[in-house]
Every structure is written in C-alpha cells, then in structure tokens.
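Colleague: I am new to this structure. Please pick one part, look at it closely, and then work outwards from there.

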Amino acid sequence: MSYSRILGTGSHLPSRTVTNADLEAIVDTTAAWIQERTGIEKRHLVSDDETCCDLAEAAARKALQAADVQPSDLDLILVATTTPDQFFPSTACLLQQRLGVRGCAAFDLQAVCTGFVYAIGVADKFIRTGSAKRALVVGAETLSRVLNWKDRGTCVLFGDGAGAVVLGAADQPGIISSHLHADGAYKDLLQIPGGIGNGHPEACFMEMKGNEVFRVAVTTLGRIVDETLEANGLAKSDIDWLIPHQANIRIIQATARKLDLPMERVVVTVADHGNTSAASIPLALDQAVRDGRIRRGELLLMEAFGGGFTWGSVLMRY
C-alpha cells in the first residue's frame, strides 16, 4: 500500500486589509472588544474583481513550485470551499483549466471550516488506494461575500484567503490518520439559510449563535484530540505542533491546554487573518513551514470545527 505525504505548501491573501478600528466605523462594536473576545486584529478581504478561484490559483502555484511538481503531473484537484465562484462548474474545475490540466479528477468539497481537513482525508484515500499519485488540495474562501456587514456577531470574525498543499505517494506515511465527523442536528446554530434548492436564494448571509457554537466547539475539539491520540497509541507529549482552525484564540488555547502544549508549539494566525474557514489551516501550515518553525520529520496535529456541525483531525508526519 502507498501512503501520502506533503510535498509542498503555498498560500495567498488578498492585499486589502481591514482592521478592527476600520470596523468600528461601520458596525456597533469596538476594536478592543473584538481583540479581547476573539484574538483578531485584522483580516484580508477580496476586492470587487477578485474571486475565490483567483486566491486558489495563487496558493496552488506556490504549492506546486515548492513541491517541484508540474500541473500536468496531477491526478486529482480538490478545492475545499464554502464560497465557490459559481454553482457549477466547480471551483476545482475552474482551477484545473487555469493550471492547464486536462483529464484528472477535479471537484469541490464543502464542510465549511473543516473543509481542508476533510479534503486531506479524501485525497489521502485516493493515494493510498492507488487512484492517484499526486494530488493538489486547496482551501479557499471569499467569506466577505456572504457576511451581513450590519451583523456585529459575524462580520468582525471572518476573512478571505487560500492555502494549498501538494500530496504525493510515499513508502512511509506522511498522513498517518484522519478522523472526520458531522452532526446535522446542530445545523441551525451556524448556517447560511438560503439556497437554490430550498427556494430562498435571497437569504445568502451567514447566521451564527455564537455562544452555543463556542461551547460545542471546545467540547468537540477536546474529544477529537483524544480520539486521534488513542487511535495511534500516542501520548500528548508526542505532538510537536498543533495547527488548529483559526476561529477564536480562546478555542485555540483550550485545545492547546488539552494537549498540554505551550502556545509556542501552536501555530496561530487568527490575529492577522481572522477566520478564513477552509483556508485557515493551510494558511497557517504554509506560514509555519516557510518561516522555518515546522521542519521535516515533526509530528503535526491539524484539527477543525465548522458549520454542519462538522469536525475532524489529521495527524501527519511533515
């Protein structure tokens, strides 16, 4: 059996930044409240002419370059996104065309903030079963386009961006295990209620019951940490780096305490990026790889929680 490992990483952020102070001018909040409650100081937002595929392409090309892989070598393109450019074709197909690739499988995966973790799990299975040797996995979001900029409970939290990895077949596991879960009973706590299928395309803004989401997220992420360690016969001390979904600094700190990890061993980008949903983990991973914090051979735990509810983890040897 083949295994999969990360060959290269990449990321991209829009050039436009919006600070907490900027938001004070348009919504009933304060910069201090946002920072204290969430850890967010600024976020990057797309311009009117930027698309989700633009962000995905920029991140993907950097990952391909880092991996020394040509687009024509890809057997699979997976884009995790909640904000595709079009209903169809998929953003993955749009990205495939831009990269000049023809014939390989390409599709989007929607698990909101857990999307990248889900996508890594799926791509890993493709490679392990021999269905692919090289896979491009991208998390890309333009969440600013589904925010109600009068709703202070959501508009201060989110940002836009993209991160990508190239996975390749290997003799030894890079991706050691993935653990994916969902429970639709919590669907009303975090959602965009409108859609074509339910006849309400106009209701296209995010709604969130923040306190309830926070409580469930902390408990659920604690359980996924236990599940991942137990499944692999590992102790907390075996983990070198935690790369969490960047939603809220308090949730990140709670997960780090669960692992007995000092915050110096946790990759945190929420202050500069906000919550970029499916893009947040690959953005954080690429930043820590490129600045030299994460090195080959180290054991990484990625974990996320998102609307659905969905949650999951990936344990990997970088």
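Modeller: What follows starts from one strand and then turns to the surroundings, the cores and some loops. The model is predicted, so local features need pLDDT of at least 70 and side-chain atom pairs count only at pLDDT 80 or more, while totals for chains, interfaces and linings use all residues. Residues are numbered from 1 along each chain as its sequence is written, and side-chain values use heavy atoms, with hydrogens and water left out.

The part chosen is strand E6, residues 134-142. Helices (H or I, at least four residues) and strands (E, at least two) are DSSP runs, numbered from the N terminus. Strand E6 is largely enclosed by the rest of the structure, because eight of its nine residues are buried. Buried means under 20% relative accessible area, exposed means over 50%, and partly exposed is in between (1.4 Å probe, protein chains only).

E6 has pairing partners, where two strands pair if DSSP finds at least two bridges between them. With strand E4 (residues 76-80), E6 pairs in the parallel sense over five bridges, and here Ile77 stands opposite Leu136 of E6. With strand E7 (residues 160-170), the pairing of E6 is antiparallel, over nine bridges; Glu141 has Gly161 in E7 as its bridge partner.

E6 and E4 also help to cover helix H4, as do helix H3 (52-67) and strand E5 (105-109), which are among the elements over the buried residues of H4. In that helix, residues 91-99, the buried positions are Thr91, Ala92, Leu94, Leu95, Gln96 and Leu99. Gly100, just after H4, takes a positive phi of about 75°.

The loop between E4 and H4 holds Pro89, which is joined to Phe88 by a cis peptide bond with omega of about 0°. Phe88 also belongs to a nonpolar surface patch with Phe87 and Ile196, with about 450 Å² of accessible area together. Patches are made of residues with over 30% relative accessible area and no salt bridge, with like charges joined within 9 Å and nonpolar side chains (Val, Leu, Ile, Met, Phe, Trp, Tyr) within 5 Å. A salt bridge is a side-chain nitrogen of Lys or Arg within 4 Å of a carboxyl oxygen of Asp or Glu. Accessible areas come from the Shrake-Rupley method with a 1.4 Å probe, and for residues only the protein chains shown count as cover. Ile196 is exposed, at 54% relative accessible area.

Next come the cores. A nonpolar core is a set of buried Ala, Val, Leu, Ile, Met, Phe, Trp, Tyr and Cys residues joined through side-chain atoms within 4.5 Å. The largest has 39 residues, and those with the most contacts inside it are Ile239, Leu259, Phe305 and Phe309. Helix H6 (210-231), helix H7 (249-258), strand E12 (299-306) and strand E13 (310-317) each supply at least two of its residues, and H6 gives the largest share, seven residues. A second, separate core has 35 residues, including Ile6, Ile127, Ala278 and Met316.

Phe309 sits in the loop between E12 and E13 and follows a cis peptide bond from Gly308, with omega of about -15°.

Lastly, Asp68 has a positive phi of about 55° although it is not a glycine. Asp68 lies in the loop between H3 and E4 and is exposed, with a relative accessible area of 66%.

Definitions and conventions. Contact means heavy atoms within 4.5 Å.
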